[in-house]
Amino acid sequence: MTRLSGKVAIITGAAKGLGLAAAQLFAAEGGRIVLCDISEPDLAEAVDSIKAAGGDAIAVRLDVTSEDSWNHAVTRTLEAYGSIDILVNNAGIIITKGVLETELDEWNRVLGVDITGVWLGAKHVIPHLKAGGGGSIVNVSSVAGIVGGFAGDGGSAAYSASKGAVRSLTKHIAQWFAGDNIRSNSVHPGPIFTPMFVLNGIPTREAAGEIFRGYVPLPPHVGEPQDIAYALLYLASDESKFVTGEELIVDGGLVS
Ligand code: NAD
């Protein structure tokens, strides 16, 4: 398992859910992983799980909305590993409210994490990818960044707006930095059972599958974090070395 042998990957929102699954898979593939998250207790547990499996990883507290925090994360990465090859902008939050119900502070909070955080990650990491001769940025968007929503998702105006912006920022980065051998792609998950579901009142994967049965044709009608981790691994690794500006939808057929 050496698809990321020796490569240094920063993954945001890595303390749980999709980010943790990606960190565990990337480490199993020989990567040196910098797990970044705003939640320190979860982060410590996440790094321990990787080290226990023989992986090479460090934890850095990062609030993706803060430039100071990004400066710190990049500095810690360079101190620990000397270079950066891969950035996975995965941290995200959702507030399930429509255009009419969303308050301005809620709008700003979601956009702050879900799109400003992605831009700040790119801004702070790209100079180091360039210095190393290139690299791969993979941004986690959503099917909500492809279509306006579907009856089963509850609807979130700020989330859809952010995830659509992640898609176009990804393509912008792909165009502007291809000459530096920096690739930029987005992954668009459909419903994947993670702690985000539990926070939103859906306690089990079975319950989630029942909710999405009418929308996601492939059983079990809701994905698991590894489904996304494998997509992220492909786009992070050299297996996709001629792929940039692309969007990879992993949704069990939801928007097809
Ligand atoms: P999650 O809530 O399980 O994990 C998100 C992580 O991001 C948490 O560990 C959280 O602490 C961290 N985080 C939140 N704010 C942060 C900040 N300001 N700085 C740093 N870290 C922060 O969520 P998840 O389901 O694993 O989602 C991961 C990504 O996948 C998100 O971008 C989400 O929008 C996207 N996504 C998820 C699904 C799904 O069904 N789970 C579907 C489509 C897209």
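Me: Let me start with a cut-off: a residue is buried if 20 or more other C-beta atoms lie within 10 Å of its own, exposed if 12 or fewer, and partly exposed in between. This is a predicted model, so why does Asn181 count as partly exposed here?

Reply: Asn181 has 15 C-beta neighbours inside 10 Å, and that value falls between the two cut-offs, so partly exposed is the right label. You will find Asn181 in the loop between helix H5 (157-177) and strand E6 (182-189).

Me: And what makes His221 buried?

Reply: His221 has 23 other C-beta atoms within 10 Å, and the label needs 20 or more, so His221 is buried. His221 sits in the loop between H7 and H8.

Me: What makes the phi values of these two residues worth a look?

Reply: Most residues other than glycine have a negative phi. Asn181, however, has a positive phi near 60°, and the phi of His221 is also positive, at about 70°.

Me: How do you know that the peptide bond joining Pro219 and Pro220 is cis?

Reply: Look at its omega, which is about 5°. Most peptide bonds are trans. Pro220 lies in the loop between helix H7 (205-212) and helix H8 (225-236).

Me: Let's turn to helix H3. How does its reach from first C-alpha to last fit what is expected?

Reply: H3 runs over residues 67-81 and has 15 residues. The expected span is 1.5 Å times one less than that number, which gives 21 Å, and H3 reaches 21 Å, so the two agree closely.

Me: Which residues of H3 are buried, and how do you know which side of H3 they are on?

Reply: They are Trp70, Ala73, Val74 and Thr77. These residues cover an arc of only 95° around the axis, so they are on the same side of H3. An α-helix has 3.6 residues a turn, so residues three or four places apart point the same way. The face of H3 turned away from that side carries the exposed residues Asp68, Asn71, Thr75 and Glu79. The buried residues of H3 pack against several elements, including strand E1 (8-12) and helix H4 (104-131).

Me: Finally, what makes the whole protein as compact as a globular protein of its length?

Reply: The protein has eight helices and seven strands. Its radius of gyration is 17 Å, close to the 18 Å that the globule rule gives for 256 residues, so it is as compact as a globular protein of that length. Buried residues make up 48% of the protein.

Technical notes
Residues numbered from 1 in each chain as written. Predicted model: local features only at pLDDT ≥ 70, side-chain atom pairs only at ≥ 80, totals over all residues. Helix = DSSP H or I, 4+ residues; strand = E, 2+ residues; numbered from the N terminus. Arc of directions from axis to C-beta. Contact = placed C-beta atoms within 7 Å. Rg over C-alpha atoms; globule rule 2.2 N^0.38 Å.
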